[in-house]
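Got the model open in your viewer? Here is a short walk through one corner, one selection at a time.

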Amino acid sequence: MPLKKFEKLKKTFRNDQQNRARYNELRPILTQYLADVAAILADLNSDPNLAGTVNPLENRRDGLSQGGDDADQTLTNNQVSEAISDLIVYVSSGEALRKECHTTRNRILKETARQAIRRIDTMRQSGLQDVQPMKQAINTRMRHINELAKRPQVAHAYQALTAFLQPLGQLEAVLHDVVMLTATLPNNVDEQSQNELGAARGLVYAEITAFNVQNATTRKDEYSALVGNVIHASRPQQAQELVRMVDPTARYQRLRIRIEDILDFPDEYCSVAVLQQKTNVRDAQRTYLQREQEFIQARDNAANNQQQNQQRNLDNLARTASEQANAALKLLSSALNTAVKPISTHKNLMMKYYVALKELRSDVDFADGLVRTELDSNSLWQVQLQTYSELRGQIKLLVDPPARDYATALPLLDALRDAITDLKSERVKALQKTIDLVTNPETGSAPKTCQLVMNLARTPGLLRVMEPEQQLALLQSLRSQTILCRSCGKASGPDDYQQTKGKCPFCNSTDLDAPMQCSNTKCQKAGNFSSTNRCPGCKGQKSELCTRMSGFQLHNPKEKSPVYDLVVARATLLAEMELTPEFKEFDQQQRHNLAQTIGQDPEFLEAQRKWSDWVKNKDYRTIGKFLQHLVTKQCEVMGHTHQDLQRTVIDDNLEDKVETFKKGPVKIKLHRDNESKDTTGSCEPGYPTQIKVNIASVGLESFIDIVDTVLHENTHAWQQMITAKLRMDPPFTNKDRDEVLNDPKLARQARLFLENEKAYYHGSSLRGEQTRVLNNRAYRNQPVEEHAWTVGGLVSRSLSAPPDIQSLASKRMQRQVFIVASVDREADAYITVRGPHGFREQEAGQESVVGLRATLTGVLRNNQSQTLQFTLAGLFDNSTFETDLDMSDYDADPQENDEVKLQGARLTIDRTPRDL
């Protein structure tokens, strides 16, 4: 079914007749999805070793199948709205499951092919001269199978590949026999015989590389006969003994990959039983290698002996050594077979455990913070806290070394999640009374709210887990309760102060405690100054009310604004905020639809190919036309498609101008700003609006960056439409406002957008290096930026290849090593690496770099190379990390005095799983 029609079917209609018709169209789609999934799973089920991969997918398919049946029953009961709502969820889930099954099968196909390639490389090490035809045959077959596998309903892709690769084992056995026969040849073979032997081996190798088992076996037999003739002619008394002798070395080479897979698994993540299995394999390997060396030495002695009277004794020694080596190899193979299954099971359980724990990590940190900072026997949430602590301790005991019992611990994580949910609920519920007290005009004020926010911030994660309504109440209080009336004790805000001309809006008193400061920009001392109360700093007689709550930088760096603490509290709260859960789900679906719509758009694909030429040729007309097309597509998906609108905008001469938005609510406007080359684009406030794109920007050269910017700024335009509806700005009415407030996906987030818009937080506003991290996080996490960065970043990157990350990955430890380009020579130093680091913390659902363990080497102090261990404080951009390292007393770079002198500097980031 075409995507456009499918998305239309998923939209909401208003009557049962439409919904029933839509149900009848959607139901076969779910059936087809489940049939496609069944075909792929049947493909994978052909190999019993894949059961661990297939079972969870089968369970989800069965659940969706049952869900579809339940929806049918709901429809039969004439609950049409409930049935279509459920079915939409099942269809979306079925689509996702089909894609996941398809991806899983392709991953297994690739891994199977890679394993075959590794076996071929081992055969090359055993003497197979030209393995490239075999690799090319596998790659060719993979391309053919991948073409088949592009259609999810085509089964047997996996069987087709495994059937093609099945002869590899037989071919390895043929190769082993050739290697064994070659090893029996004496050193004094004449040149003619060597040429004949080489030609015969070449015929065997040719058949092996052609995957022809029957012909390879025939050629091997011919080679065997020739070897026997050569040996018999060279030394008749030795021939029979050496030909019959079994050489274990080639068989051992075939086991090496399996041995390495087991022995490379880190001991620190092994259970006692798994450690014992590793020990058994390691001991068996050590014994075999010793026996192998003894065999090789005895065989060479027998083959190279020139004394006839010693030959029988040497042959006996070689035969005994061969038997002992093969017996040791048999024990090693047995140890491997015994170890493979428990270690594989242990690995899978470990991965599942840490994936689940990673999803829980932020909640665990919050609960741990309660344990550390609020462990009070009288707390209302004491029972929930105790339940959490006991479960956490139980899991930790199971998983910490040496137990590492992931099988038992994994199911307990669900119970831990439930315990944290209950704990959060009780803790947040207990906050409500205090929040009501400090935000109520009768009893609260901004300073009281400020104190509460900073107190709550001492418990990590507490501000983050609060209800959105609670966060909204605190933000509003910090902005609108800055003025306290000494007469009636009620609090009001700057807007009320200006409307009442300095009087209390509740009792008309002028005895107000308001945040005032000297209006002299060179002074700005806090206080309410007049002719009878002059400013002690500059003797000025005028003051101004502090109204900016979004962040600021005073002209006079020596003074502290009266609302500075309130801005810090607001930043502290914004830094912990997330999008509401229901809006996250809604936005994720929108991003998915947007990526599919743009990714299949012919004009987008053409622009992707030709962008560098357009920029090089300064074809700004074509660039502007494409960017307008991109904005229009996004508007269609996000639902702001209003036409024939008007608004007053500011032109390039800073004059008001009435602009008509005939075809849509957002226009692209190209302009040149040579003084702001770091700024690629911006969205003007209001709705409808213009997105200005700076053609002088360095970001214009990158297609993916410009797409990111435009999608980001147009997301702001969508937000401005939502807030305009809440304010009922023309052309919107109370009907539009009520539509937003009655939408469960949007209502809570929309009110947060509106509050954010009233006091937008600008980055780099607070004073002092110690607030830099807070500034960046507050700017980035405030609702309108969190949403826009997520849409722009995730959608643009889903439309392009992943970044080329310059790093060296260690197989045994999950570490990334980066070459350092520069380190700031100051407190809270930035570390910049060469090339993109690949972390995308600005996007939803990405791993946070904050708190990751890191090591910096090769920085010089007193001309001595230093090694520093620390935790990362955050990201600045796609190649720069934030730290709390004080590098101000390190040696200066001769070229750049504000950078540290480096000597082969490396940054290592440790991403190994973090236990409880």
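Select Phe-626 first: its relative accessibility is 4%, so Phe-626 counts as buried (under 20% relative accessible area with a 1.4 Å probe, protein chains only; exposed is over 50%, partly exposed in between). Keep in mind that this is a predicted model, where local features need pLDDT of at least 70, side-chain atom pairs pLDDT 80 or more, and totals for chains, interfaces and linings use all residues. Residues are numbered from 1 along each chain as its sequence is written, and side-chain values use heavy atoms, without hydrogens and water.

Now add Trp-614, which is buried too, at 11%. The ring centres of Trp-614 and Phe-626 are 6.4 Å apart with planes at 55 degrees, so this pair is tilted (Phe, Tyr and Trp rings, six-membered for Trp, pair with centres within 6.5 Å; planes under 30 degrees apart are stacked, over 60 edge-to-face, the rest tilted). Trp-614 belongs to helix H22 (602–616) and Phe-626 to helix H23, 12 residues apart (helices are DSSP runs of H or I, at least four residues, and strands of E, at least two, numbered from the N terminus). Widen the selection to Phe-604, Trp-611 and Phe-703, and you have one aromatic cluster with Trp-614 and Phe-626.

Next, show the open, mixed sheet, ordered S8-S10-S9 (strands pair if DSSP finds at least two bridges between them). S8 (666–671) and S9 (681–683) are the edges, each with a single partner strand, so one side of each lacks a neighbour in the sheet. S9 runs antiparallel to S10 (689–694), joined by three bridges; look for Cys-683 opposite Ile-691 in S10.
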